[in-house]
Amino acid sequence: MLKISRLLVLAVLFDPFGEAAEATDIDAGVSAMLEQVQPAVVSIRTVSSGIFRSELLEDPNVRKVLGLPDEVFIVQTGATATGSGVVIDREGGYIVTSRHLVADADDVSVTLADGRVFQADRVGEDAPTDLAVVKINASKLAALKWGNSSDLKVGDFVAAVGSPFGLTQTATFGIVSGLGRSGLGADEYQDYIQTDAAINPGNSGGALVNVSGELIGIARGIAAPDQTSTGIGFAIPSNIVAQIVRELIAHGEFKRGWLGLSVTAATDAQDGSATEAPGLIVNELSCNSPAERHGVRLGDVIMALDDRAFPTESAFRNAISLLPANARITLDIRRGEASQKLNVTLSDSAAGRGASDQGSVVVEFPSASASLACAPSGAVLVDVALGSAAYSVGLRTGDYLTAINGKPPVSADQIGSVLEGTEGGASIDILRAGTAYRIDVQ
């Protein structure tokens with residue numbers, strides 16, 4: 001009887017009819033979700049003209065053989081490209097897509113899921129995130145509801161909908177494979193969702209949705225060099241997209257705030273490995289920047305931004321990139337054993353960088369109250385020879401040495417011993433074309 005009871009239990013657990021019923025319920029749920037999502041995902045076709053670029057044609061010898069003068073270029077006309085987009089405002093006809101698809105287009109057309117075709121007007125573009133917004137004048141549009149990408153977890157079910165290889169309304173499924181991906185070299189600011197849902201050429205600008213059919217990402221592309229899906233695809237999180245899109249619709253551009261510093265993870269002085277201590281070290285500081293004017297110094301450890309700590313340099317950079325010009329922030333700084341809070345008002349990124357970087361000559365320096373790193377005093381490296389010890393650590397001709405281990409250099413012998421490594425690990429602060437840098441020498 002005992003054996004029979006176990007067999008009965010196993011029969012219930014592995015009832016093939018029960019599995020079929022459950023699978024049918026899942027299929028019905030996915031189908032219902034796609035019926036909601038697909039009408040809001042569109043196909044985008046662009047036509048553009050531009051100068052035809054080719055490494056072969058840029059070779060002077062080839063141009064001579066072909067009889068092409070240096071000032072003559074080949075203009076390519078009628079070049080077409082296809083991609084995807086997502087309707088985010090049914091009343092206004094606003095569609096979010098990829099900037100690289102529409103940026104240089106002479107003509108942009110949008111094909112809806114029901115087959116209607118409309119000419120689109122470009123509303124705004126943001127190069128650092130590769131996002132753009134276009135607008136069509138159409139009735140009876142469907143739009144996706146924004147989802148909260150911050151709620152995503154690795155393993156969550158997602159679906160990608162777009163027009164890979166021109167195949168409209170294609171849906172692929174998978175899970176969230178990773179979060180906060182960066183270092184891929186695609187865009188200036190990266191905080192990608194990684195998914196194994198198939199994303200191929202033409203998917204860019206399309207939707208990544210959750211099980212509820214909410215928009216939780218815009219497809220960015222794939223990592224495979226041969227441009228075919230390998231189960232590794234990326235999407236821009238919806239929380240970033242929503243913030244950028246809101247500004248593009250309102251102003252045609254996203255005016256970022258500029259802080260004027262770069263950070264790096266702390267390293268262990270003994271073995272050069274990253275430490276687990278919280279905080280990020282300021283290793284670059286633009287002179288006359290908001291950060292420098294409000295008291296940030298090279299070597300400061302940023303513990304938090306607006307009471308929020310960041311584990312990596314890219315996470316901190318992404319947070320700053322989403323702040324508008326004139327935003328007011330608070331930095332928690334640790335300098336040596338002391339801690340302090342600095343209130344900083346960001347400036348316009350374009351205006352700030354243009355004022356601080358005038359080529360190789362700095363025409364204006366801060367007042368006497370500026371940081372030591374931004375004061376043009378100390379030894380000037382007139383000539384840094386290629387292959388020298390100074391060149392190998394990152395020093396270049398014309399750099400000002402402002403500090404060694406946080407103190408002004410006192411002699412040529414001291415500088416030489418640091419460069420030759422006879423004093424062990426050290427930090428060298430330099431001033432180069434309006435930006436102060438800290439170089440770690442091991």
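**Exercise 1. Into how many nonpolar, polar and charged residues does the lining of the largest cavity divide?**

Solution. The model is predicted: local features need pLDDT of at least 70, side-chain atom pairs count only at pLDDT 80 or more, and totals for chains, interfaces and linings use all residues. Residues are numbered from 1 along each chain as its sequence is written, and side-chain values use heavy atoms, with hydrogens and water left out.

Step 1. Start with the term: on a 1 Å grid over the protein atoms alone, a cavity is a set of points where a 1.4 Å probe fits but cannot get out, and lining residues have an atom within 4 Å of a point.

Step 2. One cavity of 30 Å³ or more is counted. The largest cavity holds about 100 Å³ of space, a volume being the space filled by probe spheres set on the points.

Step 3. Eleven residues line the largest cavity; Thr129, Tyr189, Gln190, Asp191 and Ile240 lie nearest its centre.

Step 4. Sort the lining by class: Ala, Val, Leu, Ile, Met, Phe, Trp, Tyr, Cys and Pro count as nonpolar, Asp, Glu, Lys and Arg as charged, and the others, Gly among them, as polar. The result is five nonpolar, four polar and two charged residues.

**Exercise 2. Which residue forms a salt bridge with Asp126, and is Asp126 buried or exposed?**

Solution. Step 1. A salt bridge is a side-chain nitrogen of Lys or Arg within 4 Å of a carboxyl oxygen of Asp or Glu. The structure holds eleven of them.

Step 2. The partner of Asp126 is Arg256, with the closest N and O atoms 2.7 Å apart. This pair links distant parts of the chain, 130 residues apart: Asp126 is in strand E6 (residues 121–126), and Arg256 is in the loop between helix H5 (238–251) and strand E14 (257–258). Helices (H or I, at least four residues) and strands (E, at least two) are DSSP runs, numbered from the N terminus.

Step 3. Buried means under 20% relative accessible area, exposed over 50%, and partly exposed in between (1.4 Å probe, protein chains only). Asp126 has 3% and is therefore buried. Arg256, at 5%, is buried as well.

**Exercise 3. Why does Arg335 count as partly exposed?**

Solution. Step 1. Arg335 meets Asp300 in a salt bridge (2.7 Å, N to O).

Step 2. Arg335 is partly exposed because its relative accessible area is 33%. Asp300, with 1%, is buried.

How values were computed. 1 Å grid on protein atoms, 1.4 Å probe; cavity = no way out; pocket = protein on both sides within 12 Å on 5 of 7 lines; lining within 4 Å.
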